[in-house]
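Have the model open beside you while you read. We'll start with the whole chain and then work inwards.

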Amino acid sequence: MDEVFRALADPNRRLLLDRLYKDNGQTLTQLIEGMNMSRQAVMKHLRQLESANLVATVRVGREKLHYLNPVPIIEIHDRWIGKYEAQRLRAITDLKNGLSEG
């Protein structure tokens, strides 16, 4: 999970993930378009995202397509956000029940 947090810490990598969320299955050439980075810099960021299992790649002929893998982000949600959300919802339910009893 540390690798996922490190990957998400960089705004350029988050931008790449956002772009894949909007249009999954892009080539490197497509991902570079509109970014103010060199091809090598984008490749480096993609390698870090792949290493954190946030991006999966598939070769189709000569092209390499990049896909968002949301599973690590869901795991972060479940571990770090979901448990706090459950407490908040329980508190709201308890408050509602207390008000309706009174």
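What follows is a walk through a predicted model, from overall shape to single residues.

Let's begin with the parts list. The protein chain has 5 helices and 2 strands. Reading from the N terminus, the order is α-α-α-α-β-β-α, so you meet four helices, then the strands, then the last helix, by the way these elements are numbered.

Now zoom out. A compact globule of 102 residues would come out with a radius of gyration near 13 Å, but this chain has 19 Å. The box tells a matching story: along the principal axes, the C-alpha atoms fill roughly 70 × 25 × 25 Å. Of the 102 residues, 28% count as buried. Even so, if you take contacts between residues at least 6 apart in sequence, 51% of them join residues at least 24 apart.

Helix α5 is a good place to get a feel for those dimensions. It covers residues 71-101, and Tyr-84 sits in it. Pick Tyr-84 and Glu-63: they are 21 residues apart in sequence, yet their C-alpha atoms are 42 Å apart in space. How exposed is Tyr-84 itself? Its relative accessible area is 46%, so it counts as partly exposed.

Next, turn to the largest nonpolar core, which has 19 residues. The members that touch the most other members are Leu-16, Leu-17, Val-42, Leu-46, Leu-49 and Leu-54. Two or more residues come from each of α1 (2-8), α2 (11-22), α3 (28-32) and α4 (39-51). To see how this core is knitted together, click on Leu-16. Setting aside its neighbours within four places in sequence, Leu-16 is in contact with Leu-31, Met-35, Val-42, His-45, Leu-46 and Leu-49.

His-45 turned up in that list, and it deserves a stop of its own. This histidine lies in helix α4. Is His-45 buried or exposed? With a relative accessible area of 11%, it falls under the 20% cut-off and is therefore buried. Not counting residues up to four places away in sequence, His-45 touches Asp-10, Asn-12, Arg-13, Leu-16 and Met-37.

Follow two of those partners. Asp-10 lies in the loop between α1 and α2. It is buried yet has no salt bridge, and the nearest side chain of opposite charge, Arg-13, is 4.2 Å away. Why doesn't that pair count as a salt bridge? A salt bridge needs a side-chain nitrogen of Lys or Arg within 4 Å of a carboxyl oxygen of Asp or Glu, and Asp-10 has none. What the side chain of Asp-10 does reach is the backbone nitrogen of Asn-12, at 2.7 Å.

The other partner is Met-37, in the loop between α3 and α4. At 17% relative accessibility, Met-37 counts as buried. Beyond its neighbours within four places in sequence, its contacts are Asn-12, Ile-32, Val-42 and His-45. Asn-12 and Met-37 are 25 residues apart in sequence, but 9.1 Å apart from C-alpha to C-alpha. So here is a meeting point worth rotating: Asn-12 is touched by His-45, is in contact with Met-37, and offers its backbone nitrogen to the side chain of Asp-10.

One last stop, at the way out of α4. Asn-53 lies in the loop between α4 and β1 (55-60). Its phi is positive, about 65 degrees, although it is not a glycine. At 43% relative accessibility, Asn-53 counts as partly exposed.

Notes:
Residues are numbered from 1 along each chain as its sequence is written. This is a predicted model: local features need pLDDT of at least 70, side-chain atom pairs count only at pLDDT 80 or more; totals for chains, interfaces and linings use all residues. Side-chain values use heavy atoms; hydrogens and water are left out. A nonpolar core is a set of buried Ala, Val, Leu, Ile, Met, Phe, Trp, Tyr and Cys residues joined through side-chain atoms within 4.5 Å. Buried means under 20% relative accessible area, exposed over 50%, partly exposed in between (1.4 Å probe, protein chains only). Contact means heavy atoms within 4.5 Å. Lys and Arg count as positive and Asp and Glu as negative; His and the chain ends are not counted. A polar contact is a pair of N or O atoms within 3.5 Å; within protein, one must be able to donate a hydrogen and the other to accept it, and residues adjacent in sequence count only if both atoms are side-chain atoms. The radius of gyration is taken over C-alpha atoms; the globule rule is 2.2 Å times the number of residues to the power 0.38.
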